[in-house]
Amino acid sequence: MLEIDDMTRPDHYYLDFQDKCYYLGEYTAGEGHGYSETNQLIYNFKKSVEKRDTGQWQYKEMAILQAAEIFREAIGEHASVTFVPVPPSKAKGDPSYDDRMLRMLQRVCEG
């Protein structure tokens, strides 16, 4: 687990010096899924719900499980943390609604 520190804080202008912010991987914008493990995970995690019922959907499902496991390992069993899932861009009734964040966080909290 890495922490945003004084050296990297200027890249995140919305963070105050008092804020504690950690990250578990670095996505490199403009690069493909083959660029890094983190890029691969994010590409699969973000697969469109239009890919459901295709051979690609299994990669999205695996990415949700993998992301949950990464978070579980990072926070540990006894940590006290609060997760606030980013709401999806589509409403629940919309065919493009994607609940990946909620599903991932539910897996993090199982058990």
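Glu110 comes out as partly exposed, at a relative accessible area of 41%, in what is a predicted model. Its side chain pairs up with that of Arg107 in a salt bridge, with 3.5 Å from N to O. Arg107 falls into the partly exposed class as well, its relative accessibility being 37%. Elsewhere, salt bridges with shared partners string Lys60, Asp98 and Arg100 together into one network.

That network includes a pair worth a look on its own: Asp98 and Lys60, whose side chains form a salt bridge at 2.7 Å, N to O. Asp98 sits in the loop between H2 and H3 while Lys60 belongs to helix H2, so this pair ties together parts of the chain that are 38 residues apart in sequence. Asp98 and Lys60 are both buried, whereas Glu110 is partly exposed. Another salt bridge links Arg103 to Asp99, and here the closest N and O atoms are 3.8 Å apart. Asp99 is partly exposed, with 24% relative accessible area; the cut-off for buried is under 20%, so Asp99 misses that class. Over the whole structure, the search turns up 7 salt bridges.

As for the overall layout, the chain is built from 3 helices and 2 strands. Going along the sequence, these come in the order β-β-α-α-α. The C-alpha trace spans about 45 × 35 × 25 Å along its principal axes. Of the 111 residues in the chain, 17% are buried. Taking contacts between residues at least 6 apart in sequence, 36% of them join residues at least 24 apart.

The largest nonpolar core has 9 residues: Leu41, Phe45, Ala63, Ile64, Ala67, Ala68, Met104, Leu105 and Val108. Three helices each put in at least two residues, namely H1 (37–45), H2 (57–75) and H3 (100–109). H2 is the top contributor to this core, with 4 residues.

Val108, one of the core residues, touches Ala68, Phe71, Arg72, Ile75 and Phe83 once residues up to four places away in sequence are set aside. Phe83 itself is found in the loop between H2 and H3. With neighbours within four places in sequence left out, the contacts of Phe83 are Phe71, Ile75, Leu105 and Val108. Two of these partners, Leu105 and Val108, are members of the largest nonpolar core. Phe83, though, counts as partly exposed at 29% relative accessibility; since buried means under 20%, Phe83 does not qualify as buried. Phe71 and Ile75 also turn up on the contact list of Val108. Looking further along the chain, Phe83 and Gly25 are 58 residues apart in sequence, and their C-alpha atoms are separated by 17 Å.

Finally, the surface and the charges. The accessible surface of the chain adds up to about 8,600 Å², and carbon and sulfur atoms account for 52% of that area. The chain carries 13 positive and 19 negative charges, and the mean positions of the two sets lie 8 Å apart.

Note on methods
Residues numbered from 1 in each chain as written. Predicted model: local features only at pLDDT ≥ 70, side-chain atom pairs only at ≥ 80, totals over all residues. Heavy atoms only, no water. Core = buried A, V, L, I, M, F, W, Y, C linked by side-chain atoms within 4.5 Å. Buried < 20%, exposed > 50% of the residue type's maximum accessible area, 1.4 Å probe, protein only. Contact = heavy atoms within 4.5 Å. Salt bridge = Lys/Arg side-chain N within 4 Å of Asp/Glu carboxyl O. Areas by Shrake-Rupley, 256 points an atom, 1.4 Å probe, with all protein chains shown as cover. Lys, Arg positive; Asp, Glu negative; His and termini not counted. Charge placed at Lys NZ, Arg CZ, Asp CG, Glu CD.
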